Amino acid sequence: MFKGTLRKILPLHFKVYLKLCLNYFSDFKKYWRYSTINTIDSLENKECELILNYHSIEKGMLFSPMKPRFAMARVVKLHKYLEDSEIVRNVERSQIGIAYKVMIEYYELHDNERIDISDYYTKDQYEIYKKIVSEKEINYFSGKINYYKKDFYKDNSDFYNFSFSRKSIRNFTGEKVSYGVIKKAIELANNAPSVCNRQASKVYLLEDKDLIDFCLEVQGGLTGYTDQITQLLILTSSREYFYTVGERNQFYIDGGIYLMNLLYALHFYKIACCPANWGKVIDEEKKLAQKIDISDAEQIICMIPIGVATDNFNVTLSYRRSVEEVLKVIPAND
């Protein structure tokens, strides 16, 4: 009865405002409860920590020559989880198994170069990880894959192979991709589906080196690779195209769909690229807004350095989950 009375006396816009607040609060509660921002109490939470840390080590492996004792803090964090009994029991899960393999490779890289890392990674720990992996007969490739550009870009007619061949490339020559080719890639990316065909995505092209370096410094995920980055795409999605409380997060969904299509389009036109996650807070967004004129209505989805790949480059393995881990069949009701 109280709710019915409230609906009658409150203005329509206030009802929508209240509904929006309640839904965002529900989003907040779920994120606080289930993400690792507050607590790490599930196997999935632990996997999240494993992936965050082992992938950083994979990226460190790309440097040539190798930086001695790189990613030390990541290795220390991984020890905590790789020694966890629940993680050990689930070593056959793809992301857990590969975390052990990356750590094994990390030790061997340093051992081969006779670099002492015993203050944060002992031989006993290495032997334990090897034993865990060998007992389960887990076989994965190296965390680093080497390519020659002439072999990397192959026939695009087979989508299966084309999709698997797309990789994040961080080694650029510094040569700029022509504006005409970039336009073709955007034209192809524009066929991405969006809710009710709203097409809320927009792509900004930056070619000022100082501005690019500033953006990538704020983004923070490409340290050590920025010297030869001379072009940067910034993908946004505008809130102005969404109109219901239920669509409060739709611009992220549509933006993500567009991003994947854009990455395929760039790969199709042999434009090297590396999507750089924009998971930032308002302070960093305000910092960026002081330098780049992007509407306040628009949400940055991703930054994408683009360019021409060097003749020889390394990419991370980024091992994918098995189909069985991802595909879950919901049985029909009897």
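**Figure 1. Overview of the chain.** A residue is called buried under 20% relative accessible area, exposed over 50% and partly exposed in between (1.4 Å probe, protein chains only). This is a predicted model, in which local features need pLDDT of at least 70 and side-chain atom pairs need 80 or more, while totals for chains, interfaces and linings use all residues. Residues are numbered from 1 along each chain as its sequence is written, and side-chain values use heavy atoms, without hydrogens or water. Of the 334 residues in the chain, 40% are buried. The C-alpha atoms fill a box of roughly 75 × 55 × 45 Å along the principal axes. There are 14 helices and seven strands, taken as DSSP runs numbered from the N terminus (helices: H or I, at least four residues; strands: E, at least two).

**Figure 2. Tyr100 and Tyr129, a ring pair between two helices.** Searching the whole structure gives 23 aromatic pairs, where rings of Phe, Tyr and Trp (its six-membered ring) have centres within 6.5 Å and planes under 30 degrees apart count as stacked, over 60 as edge-to-face and the rest as tilted. Tyr100 and Tyr129 make one of these pairs, edge-to-face, with 5.6 Å between the centres and 65° between the planes. The two rings link distant parts of the chain: Tyr100 belongs to helix α6 (residues 94–112) and Tyr129 to helix α7 (residues 123–135), 29 residues apart. How accessible is Tyr100? Its relative accessible area is 0%, so Tyr100 is buried. Tyr129, at 1%, is buried as well.

**Figure 3. Tyr107 and Tyr121, with the aromatic cluster around them.** Because the ring planes of Tyr107 and Tyr121 meet at 70° and their centres are 5.1 Å apart, this pair is edge-to-face. Tyr107 sits in helix α6, while Tyr121 sits in the loop between α6 and α7, 14 residues apart, and the pair links distant parts of the chain. Tyr107 counts as buried at 12% relative accessibility, and Tyr121 is buried at 1%. If you step back, you can find one aromatic cluster formed by Phe70, Tyr100, Tyr106, Tyr107, Tyr120, Tyr121, Tyr126 and Tyr129.

**Figure 4. Lys46 and Glu86, a salt bridge between helices.** Twelve salt bridges turn up in a search of the whole structure; each has a side-chain nitrogen of Lys or Arg within 4 Å of a carboxyl oxygen of Asp or Glu. In the bridge between Lys46 and Glu86, the closest N and O atoms are 2.7 Å apart. The partners link distant parts of the chain, with Lys46 in helix α3 and Glu86 in helix α5 (residues 85–89), 40 residues apart. Is Lys46 buried or exposed? At 12% relative accessibility, Lys46 counts as buried, whereas Glu86 is partly exposed at 22%.

**Figure 5. Lys149 and Asp311, a salt bridge across 162 residues.** The side chains of Lys149 and Asp311 meet at 3.9 Å, N to O, in a salt bridge. Lys149 is part of helix α8 (residues 149–152), and Asp311 is in the loop between β6 (298–307) and β7 (312–316). Lys149 counts as partly exposed, with 24% relative accessibility, and Asp311 counts as exposed, with 58%.

**Figure 6. Arg198 and Glu247, a salt bridge between two loops.** Here the N to O distance is 2.9 Å. Arg198 comes from the loop between α10 and β2 and Glu247 from the loop between β3 (231–238) and α12 (250–268), so the bridge ties together parts that are 49 residues apart in sequence. Both Arg198 and Glu247 are buried. Elsewhere to look up, Glu47, Arg93, Arg321 and Glu325 are joined into one network by salt bridges that share partners.

**Figure 7. Backbone geometry at Pro65, Cys196 and Gln199.** Most residues other than glycine have a negative phi, and most peptide bonds are trans. The peptide bond joining Ser64 and Pro65 is cis, with omega about 0°; Pro65 lies in the loop between α3 (43–61) and α4 (72–82). Cys196 has a positive phi, near 50°, and is located in the loop between α10 (179–189) and β2 (201–206). With 64% relative accessibility, Cys196 counts as exposed. Gln199 also has a positive phi, about 55°, and is placed in the loop between α10 and β2. Its relative accessible area is 46%, so Gln199 is partly exposed.
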